[in-house]
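Subject: Structure handover

Hello,

Here is the structure I promised to pass on. Please open it alongside this email. My notes on what turned up follow below.

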Amino acid sequence: MSREEKVHGPILMKARESLYTDRYELSMLDGALVSGVINAKATFEVFTRSLANGYRYGVVGGTGRLIEALADFSFDDDTIAWLLDEHIVSNELATFLSAYRFEGDVHGYLEGEVFTSLSPILRIEGRFSDLILETLVLSILNYDSGVATKATRVVHAASGHRLIEMGSRRTNEVAAVAAARAAYVAGFDATSNLAAGMMYGVPTAGTAAHAFVLAHRSEREAFEAQVAAQGPGTTLLVDTFDVEAGTELALDVAGVNLGAIRIDSGDVASSSRRSRKLLDQRGGTNVKITVTGDLDEFVIAELLANDAPIDSFGVGTKLVTGYMPPGFVFKLVAIEDGTSMRPVAKRSIGKMSSGGVKDAYRLFEDGVAVTELVVTRDSRDTRPSAQGRSLVHGLVDHGVTVVDTSLEIARATARAAVAELPRSAFVLGAGEPVLTTEAVASSTPDQ
């Protein structure tokens with residue numbers, strides 16, 4: 001078999017989660033086999049050193065997806081054969097990997113929870129071999145949390161208006177599903193992505209594109225076909241030729257029971273005002289107006305500030321490509337040393353970390369969140385005041401999921417956590433984090 005056949009064959013085209021990783025993860029485990037540290041008890045933590053892009057808070061996304069991936073994480077015979085054939089692992093490591101399953105514990109912030117700099121959003125307690133999970137953990141949490149944070153900003157800017165995630169054609173097919181899921185956690189109402197609907201139960205929405213109109217001999221013929229197929233409650237796209245003429249024609253075809261019109265181009269503020277006037281004049285006061293086309297939180301906020309009569313927004317490109325990844329890192333914080341766990345930490349300039357197992361609490365003043373208290377477990381000060389609440393929860397116990405990963409629970413968590421933030425959190429311009437991080441360090445020196 002040629003190398004080209006190997007690369008384009010079924011093994012990599014349908015790679016397991018265990019191959020969504022960086023090669024050096026396996027290289028390190030080969031070395032850990034030699035040193036004997038591979039089975040040492042170890043604790044890893046995930047956190048970000050600072051919030052991205054001047055954001056004032058972050059929202060945890062992807063926890064449910066990650067827990068599912070951990071349960072499925074393994075190396076089948078084909079994968080092991082490929083790793084050996086490519087000289088990526090030794091025979092000894094191949095044998096080890098063939099039996100590997102994650103059997104440790106996971107603690108962390110619930111999906112939908114707010115985080116800030118140094119928040120210990122995830123902790124994995126297992127063996128040093130669990131280092132192999134690093135790339136998978138970070139790829140899921142960085143992408144999903146980045147989209148969830150961006151989506152939360154959009155939700156707040158939309159002020160209760162209906163939001164549809166429509167970014168599938170602007171990212172790859174796997175990320176499209178993850179983005180739809182993360183946006184729904186953040187408070188979006190629906191997605192255009194059917195895979196997200198089937199896999200996660202995210203409500204789906206969508207009617208027709210310009211190609212449908214152009215495929216017919218006239219705009220009227222297209223509208224008539226759509227109404228015949230979907231009923232008058234459908235949404236008709238009215239900007240293929242002329243927005244005002246399209247709006248008039250939509251009413252001619254569907255009547256005042258038309259569900260909505262959609263405007264996808266041009267000056268949507270001006271177009272929506274003219275269309276609203278036409279709809280109302282002809283008795284279509286209940287017909288909604290949806291707009292799409294390169295929208296984000298800034299554009300939506302401006303449209304609503306200028307009283308554009310828009311009922312719902314479709315957000316795509318700038319949600320799935322304009323998000324800012326939180327910059328989560330995955331760090332070893334404690335390793336087995338004899339009969340105890342030894343705290344360990346980096347001392348690299350600009351990339352320092354803090355050793356020891358940590359818990360976190362949110363502190364409040366007059367019911368408003370103000371502080372993230374991060375406490376190293378063996379420090380003397382381990383509990384907040386009565387006004388705080390614990391942020392770190394058990395998620396996986398000895399490899400078994402012990403938390404409800406449903407999206408409705410995650411949506412409720414996000415809604416409640418964001419509601420606790422001060423009003424300054426929702427200023428769209430760049431600023432400092434609204435939660436002050438207060439770290440209570442370990443009494444044991446890091447090594």
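Which residue in E12 does phenylalanine 47 stand opposite? The partner is valine 329. Before going further, please keep in mind that this is a predicted model.

**The sheet**

Start with the sheet. It is open and has seven strands. Their order is E13-E12-E1-E5-E3-E17-E18, and the pairing is antiparallel. Strand E13 (340–343) and strand E18 (400–401) stand at the edges. Each has a single partner strand, so one side of each is left without a neighbour in the sheet.

Now look at E1. Six of its seven residues are buried, so E1 is largely enclosed by the rest of the structure. E1 and E5 run antiparallel and are joined by six bridges. Threonine 43 has glutamate 125 in E5 as its bridge partner. E1 also pairs with E12, again in the antiparallel sense, over six bridges. The pair I opened with, phenylalanine 47 and valine 329, stands opposite each other, with valine 329 in E12.

At the E18 edge, strand E17 (residues 393–397) is joined to E18 by two bridges. These strands run antiparallel. The bridge partner of valine 396 is threonine 401, in E18.

**Helices on the sheet**

Two helices to find next are H4 and H7. Helix H4 covers residues 63–72. H4 lies across strand E3 (105–108), strand E5 (122–127), E17 and E18. H4 runs at about 20° to E17. Helix H7 (residues 134–158) packs on the sheet as well. H7 touches strand E1 (41–47), E5 and strand E12 (329–337). The direction of H7 makes about 145° with that of E12.

How do H4 and H7 sit relative to each other? Their axes come within 9 Å and cross at roughly 160°. Angles over 145 degrees count as roughly antiparallel, and H4 and H7 are therefore roughly antiparallel to each other. Their crossing is right-handed. On the H4 side, the contact uses Thr63, Arg65, Leu66 and Ala69. On the H7 side, it uses Leu136, Val137, Ile140, Leu141 and Asp144. By class, this contact has six nonpolar, one polar and two charged residues.

**H7, H8 and H16**

H7 also packs with helix H8 (residues 173–186). The angle is about 45°, and the axes are 8 Å apart. That makes H7 oblique to H8. The crossing of H7 and H8 is right-handed. From H7 come Tyr143, Asp144, Val147, Ala148, Ala151, Thr152 and Val155. They meet Ala175, Ala178, Ala179, Arg181, Ala182, Ala183 and Ala186 in H8. The residues of the contact divide into 11 nonpolar, one polar and two charged.

H8 in turn meets helix H16 (residues 407–419). The axes of H8 and H16 come within 7 Å and cross at roughly 50°. H8 and H16 are therefore oblique to each other. H8 contributes Arg181, Tyr184 and Val185 to the contact. H16 contributes Leu407, Glu408, Ala410, Arg411 and Ala414. Here the classes are five nonpolar, no polar and three charged.

**Two residues to click on**

Try asparagine 142 in helix H7. Is asparagine 142 buried or exposed? Its relative accessibility is 15%. The cut-off for buried is under 20%, so asparagine 142 counts as buried. Leaving out residues up to four places away in sequence, asparagine 142 touches Pro325, Pro326, Gly327 and Phe328.

Then go to valine 60. This residue lies in the loop between strand E2 (58–59) and H4. At 1% relative accessibility, valine 60 counts as buried too. What does valine 60 touch, not counting residues up to four places away in sequence? The contacts are Tyr109, Leu110, Glu111, Gly112, Glu113, Phe115, Ile121 and Ser145. For a sense of distance, take valine 60 and arginine 342, which are 282 residues apart along the chain. Their C-alpha atoms are separated by 29 Å.

That is the handover. Over to you.

Best wishes

Methods: Residues are numbered from 1 along each chain as its sequence is written. This is a predicted model: local features need pLDDT of at least 70, side-chain atom pairs count only at pLDDT 80 or more; totals for chains, interfaces and linings use all residues. Side-chain values use heavy atoms; hydrogens and water are left out. Two strands pair if DSSP finds at least two bridges between them. Helices (H or I, at least four residues) and strands (E, at least two) are DSSP runs, numbered from the N terminus. Contact means heavy atoms within 4.5 Å. Axes are lines fitted to C-alpha atoms, for helices over the stretch in contact, and angles run from 0 to 180 degrees between N-to-C directions. Angles under 35 degrees count as roughly parallel, over 145 as roughly antiparallel, 65 to 115 as roughly perpendicular and the rest as oblique. A crossing is left-handed if the near helix is turned anticlockwise from the far one by less than a right angle, and right-handed if clockwise. Ala, Val, Leu, Ile, Met, Phe, Trp, Tyr, Cys and Pro count as nonpolar, Asp, Glu, Lys and Arg as charged, and the others, Gly among them, as polar. Buried means under 20% relative accessible area, exposed over 50%, partly exposed in between (1.4 Å probe, protein chains only).
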